[in-house]
Structure formats: structure tokens, C-alpha cells
Amino acid sequence: KIFQAIVSCIGGDGTIYIIPKSYETALNKLMTEIQNTFRGLGLLIPYCWKKGEACVVRGSDTIWYRAKIIEVSSSTLQVQYIDRGYIENIPQCHLYPTTFYTGIPPFCIPCQLYKTLPIGNFWQQDAVDYLQELLKNEEVEIHVKELPDNPWGKLSISLYFGGMSLSSFMAYQNYCVAEDCQDIQKLGVFEGDLSPSYLLQPLPVPGESFPVTVTHLVSPKEVYICLDSSETLTNHSATERAASRDSESLDKALKWCNKIVKTLPHLTSFKKELPCLAEYVDGLWYRAKLLSVTQLVPVQILVQFVDYGTYLVAPTSRLRHIPCHLLKYPVQAVRALLAGFRPASDDKNVERIPYSPEWSLKALWTMVDCVEGKRLSASVLSVSPEVTISLYGDDKNLVHLKLVEMGLAELDQ
């Protein structure tokens, strides 16, 4: 069985506690009922607690949780939150014995990685800390491999985060040995002669109108567009719905990659068009490709962020190998030429775009104002030799008409 789950905690022995997403509604309903039943402080009179006894615990967030007694000492009790998995030492005044809700099974499931042996036969503390930092409160994909021998045992699972196998990833980090490691190459972090490349984004059929956002302008005539997944896609084409799903999955995969990016090796090959991860000025890492070496001492590389179209000159310290599973998502930004206009022959503005001097800087900034943050739509006119589109503003008029009105462009029939 395969399902989505939230990792609630990592036990001190490396046990992974998960809450299936399908349980969330029932768990929230139970938590609301517990809050309505138990109010105020815990039991303030002397009470003889027993190991394994059911209770409710008032957590540090002042919320009541189901729990059971693990160990009894003179001043504190060690309890386990049965719907979360974590264990804490709690003063007796924060607990209340109860037989309420004992007929409801725990919502969290203790799990262990299938056919995965920790180094030293038990999970070292640094490995447990790393698992906690990586997985706690994150949504993951669970593949059930073996059921436990008894109902309270651990479920044997394969866990995937952002398309990567946790067992393979932890084995790559030398925290364990994974018997079933055929997908470790999917991490894409090993040197090789392969020349991977990105998939291209399929476009709607010519003549069909579809929502887009402009992510980068090279000139008023040359732009990068993304199919807009922010709008409801119920009435849109299969291409647009697929693009929306790809975008959402890619966002999740990149979020995970940003968590593990320090474990990915720096680039040692600088072949043109080579896919990689690059750090942008916001400190986050995105999919990119190498374009050219702009400086040798120190080495500076021109890269393009393929999901936006933007460029950056970066040192090698800001470039990393890209995990291969990130290559399965088509590039989100599509380079397109806008049809229907050309630079004005009588544009007297002196300041020109250095790399496209036929256009004035004023024309570029006017086009930026026309498209930035706007709800745009486009229709494809041709895809060969280059993608050419008509681009419409939120008023349904062609965006370049503003430039024509200002004398910065002229119509091109």
C-alpha cells in the first residue's frame, strides 16, 4: 500500500512515527473533543500511577493530548503521546488519568526502514538528529513493505521525500547500509559520463488561449512565460492541468532539495547546457543550466534558471549537482517571441538596451509595467523555428499596443 503521511516525530532509537493524511480529519475531531472535555489543570491530589496506564497530558502548548505512562518516578512521569509518538518527562500535576478514548487506536504509526541496517546496528545520535531535522512535520510518501508480527510492532516501510528514497539517501550519508539500494543512483550525485538534460514544457495547441505569467523579459519582444497554475483549471486543457501538477510537484521536490543541498557535491564539470542546482540571491536553490564561463580567476559561471528564464553570474561555490529525479519535471519557463510589433523607427530615446540596441530602455520598462503582476493570456501562433505568441493583458488587449501608443514600437503586419 502507498499513502501520504506526516512525520510527527523521530524516536530516540530511530523509530519514525507517521500520521497518515487520511487520519487527519478524525484526529482533529478527537483533539477538539478532548479540549472540550478536559479544562484547567491536571490531577492535583495524590494518585498512584501505573506503567502503561492511559491518561491525558497538558502539553507545553496548553493543549491536552492522549498519552500513556512509560516510567514512574517520584516527581515526574515519563509519558508517550500516543497520537504523536514523542516521549517526555512531565510533572504529575499536568496529567489526568482517564479511561475515555481508550477504545480509539493511536493515530500515529511507528515505522522502521525496510531492509536498512544502521551503522553499529543502532541509529547513532547524529543520525537521529538528522532524521528529526529533515523529516519532522513534513509530508512524505509511504510504501508499506511488511506488517509487524504484533499490532504494537513497527511497520516496515520505504519512505520517499521529494521523490528520493530515505534509505538510499541515509546510506549515501554513511548512516546506514540499505540492502535494496537500486535507486541510489537517482540521487544523481555521482560522477559519470552521462549528459542529462531537461524536458521541454508542452504548449497548448496553436490558437488556443491560455493563462500565463511573464517571469523574465529579455527585451520587449523576447520574454519567458510560464503556464499560470494559480487559476482554477477545471475548464482548461489537459496540457495546462498537467503543467499545474508538474509545478506543484516540482515545488515540493525543490523544497526538499533545499533541505539537503549541503550534502550534494559541488560541480566539477562545466559543460555548456549542463543541468545543475544554483543558489539565487534569495539564498534558495533552483534548477539551472550552465551557459558559459565568464571569468577564470576566480571562476565565475553564467547560469540560467530554467523555471524562470532569469540569468545569474555565480561562483562555483553556489553551484551543485542536481538530483536526477528533478530532471523528470519539464522546464516551467518557455522562451517566446511576441508577434505583431517591432521597434519604432523614430524612437529618439538615447538610452538603449546594450545587448538589443534596436530597443530603448524606456520601451523595456514600459513593457515591464504592462506585464509585471498582471493576469495575462497568450495564444501560440507558431512553434518553429521559434515559439511565437500573441500576449494579451488583463483587459484582453494586446500588451504591445501600449508601446505603440507611446511611440516606442510600431505595428508589424
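These exercises walk through a predicted model, each with a worked solution.

Residues are numbered from 1 along each chain as its sequence is written, and side-chain values use heavy atoms, without hydrogens or water. Local features need pLDDT of at least 70 and side-chain atom pairs count only at pLDDT 80 or more, while totals for chains, interfaces and linings use all residues.

**Exercise 1. Find the domains and describe how domain 2 meets domain 3.**

Step 1. Start with the bounds, which come from an automatic or database domain assignment. Domain 1 covers 1–180, domain 2 covers 208–232 + 333–411, and domain 3 covers 250–326.

Step 2. Take the distance. The centres of domain 2 and domain 3, taken over C-alpha atoms, are 27 Å apart. Domain 2 gives 5 residues to the contact and domain 3 gives 7. Contact here means heavy atoms within 4.5 Å.

Step 3. Take the area. About 450 Å² is buried between domain 2 and domain 3, with 50% of it on carbon and sulfur atoms. Buried area is the accessible area (1.4 Å probe) that two parts lose on being put together, summed over both. On the side of domain 2, His 216, Tyr 224 and Ala 333 supply 72% of the area buried against domain 3, more than any other three residues.

Step 4. Check the polar side. The rule finds 3 residue pairs in polar contact across this interface, both residues at pLDDT 80 or more. A polar contact is a pair of N or O atoms within 3.5 Å; within protein, one must be able to donate a hydrogen and the other to accept it, and residues adjacent in sequence count only if both atoms are side-chain atoms. Between domain 2 and domain 3 there are 0 salt bridges.

Step 5. Name the elements. Strand S14 (209–217) and strand S15 (222–227) each give two or more residues to the side of domain 2 that touches domain 3. Helices (H or I, at least four residues) and strands (E, at least two) are DSSP runs, numbered from the N terminus.

**Exercise 2. Work out the strand order of the open sheet of 5 strands.**

Step 1. Read the order: S19-S18-S17-S16-S20, with antiparallel pairing. Two strands pair if DSSP finds at least two bridges between them.

Step 2. Find the edges. Strand S19 (311–315) and strand S20 (319–320) each pair on one side only.

Step 3. Follow S16 into S17. Strand S16 (residues 275–279) joins S17 through 5 bridges. Ala 278 stands opposite Tyr 286. The two strands form a hairpin with 5 residues between them, and Gly 283 in the turn has a positive phi of about 85 degrees.

Step 4. Follow S17 into S18. Strand S17 (residues 285–295) and strand S18 (residues 300–305) share 6 bridges. Lys 289 faces Gln 304, and Gln 295 has Gln 300 as its bridge partner. This hairpin has 4 residues between its strands.

**Exercise 3. Which residues does the cis peptide bond with omega about -15 degrees join?**

Step 1. The bond joins Val 297 and Pro 298.

Step 2. Place the proline: Pro 298 is in the loop between S17 and S18.

**Exercise 4. Locate the salt bridge of Lys 259.**

Step 1. The structure holds 15 salt bridges. Each is a side-chain nitrogen of Lys or Arg within 4 Å of a carboxyl oxygen of Asp or Glu.

Step 2. Lys 259 meets Glu 138 at 3.1 Å, N to O.

Step 3. Lys 259 lies in helix H4 (residues 238–260), and Glu 138 in the loop between helix H2 (125–135) and strand S10 (139–146), 121 residues apart.
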